[in-house]
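Colleague: I have a structure to go through with a first-year student, and I would like a close look at one part of it. Please take the second largest pocket: what lines this pocket, and which elements does the lining come from?

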Amino acid sequence: MLLLLMLLAIVILIVLITWIKLNPFISLIVTSIGVGLAAGMPLFSSKNAPSVIDSVKNGLGSTLGFLAIVLGLGTMLGKMMAESGGAERIAKTLIASFGERNVHWAMMVVAFFVGIPVFFQVGFVLLIPLVFTIAVETGMSLVTVGIPLVAGLSIVHGLVPRIPPPWRRSASTGLM
């Protein structure tokens, strides 16, 4: 029954976004609350069961909390890199080293090495100012410069095994 409810919720979500043209964020909230109510959860807090509102709040809070920190700090770092001239200096060095015709290979190599210590989304937010700068310097389209960036980060994210960060290591892993 719950699986059928989820399939129905996905259809309703798609209809709200595509046909009714409701904002996707609001559509997701409305659909989430509807699924919770249809599954039998109480709307507000009670002693016996978690409420729909609390579940939506906790789910969104944990997801958006992580994304907000990554995007906020990455955007600030990218803006500082662009304003200080660092992105332009890196772009000129890459163009001089690889040649203007091979800038896409330079972006892939840079993305590969930047992607080793950080996750995909962090690397993307950090390197996107570089994509804009190189596109302006070379006159290439953003897609021509951006796709190799995404490819390099994707390769690292998918193929390089990750180790737990220092704050998650424990004595049981033997890494401490």
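Modeller: The answer below starts with the whole protein, goes on to the pocket, and ends with the nonpolar core.

Keep in mind that this is a predicted model. The protein has seven helices and zero strands, so its elements, read from the N terminus, run α-α-α-α-α-α-α. Along its principal axes the C-alpha trace spans about 65 × 50 × 30 Å. The radius of gyration is 22 Å, while a compact globule of 176 residues would have one near 16 Å. Of the 176 residues, 23% count as buried. Among contacts between residues at least 6 apart in sequence, 54% join residues at least 24 apart.

Now the pocket. The second largest pocket holds about 150 Å³ of space. Its lining is made of Met6, Ala9, Ile10, Leu13, Leu28, Thr31, Ser32, Val35 and Gly36. Two elements give two or more residues to this lining: helix 1 (2–18) and helix 2 (24–38). Helix 2 supplies the largest share, five residues. Sorted by class, the lining has six nonpolar residues, three polar residues and no charged ones.

One residue of helix 2 can serve as a reference point for the two helices. Val30 sits in helix 2, and its C-alpha atom is 10.0 Å from that of Ala9, although 21 residues separate the two along the chain. Ala9 is one of the lining residues. Is Val30 buried, partly exposed or exposed? Val30 has a relative accessible area of 44%, which means that Val30 is partly exposed, since this class lies between the 20% limit for buried and the 50% limit for exposed.

For a contrast with the pocket, turn to the largest nonpolar core. In soluble globular proteins, nonpolar side chains tend to be buried together. The largest nonpolar core here has 16 residues, and those touching the most other members are Leu94, Met107, Leu127, Leu130, Ile134, Val145 and Leu149. The elements that give two or more residues to this core are helix 4 (86–98), helix 5 (103–115), helix 6 (120–138) and helix 7 (142–159). Met107 serves as an example: leaving aside residues up to four places away in sequence, Met107 touches Leu130, Val131, Ile134, Val145, Pro148 and Leu149.

To return to the request, the lining of the second largest pocket draws two or more residues from each of helix 1 and helix 2, and none of the lining residues is charged.

Terms used:
Residues are numbered from 1 along each chain as its sequence is written. This is a predicted model: local features need pLDDT of at least 70, side-chain atom pairs count only at pLDDT 80 or more; totals for chains, interfaces and linings use all residues. Side-chain values use heavy atoms; hydrogens and water are left out. A nonpolar core is a set of buried Ala, Val, Leu, Ile, Met, Phe, Trp, Tyr and Cys residues joined through side-chain atoms within 4.5 Å. Buried means under 20% relative accessible area, exposed over 50%, partly exposed in between (1.4 Å probe, protein chains only). Helices (H or I, at least four residues) and strands (E, at least two) are DSSP runs, numbered from the N terminus. Contact means heavy atoms within 4.5 Å. On a 1 Å grid over the protein atoms alone, a cavity is a set of points where a 1.4 Å probe fits but cannot get out, and a pocket is an open set with protein on both sides within 12 Å along at least five of seven lines; lining residues have an atom within 4 Å of a point. Grid points are joined across faces, edges and corners, and a volume is the space filled by probe spheres set on the points. Ala, Val, Leu, Ile, Met, Phe, Trp, Tyr, Cys and Pro count as nonpolar, Asp, Glu, Lys and Arg as charged, and the others, Gly among them, as polar. The radius of gyration is taken over C-alpha atoms; the globule rule is 2.2 Å times the number of residues to the power 0.38.
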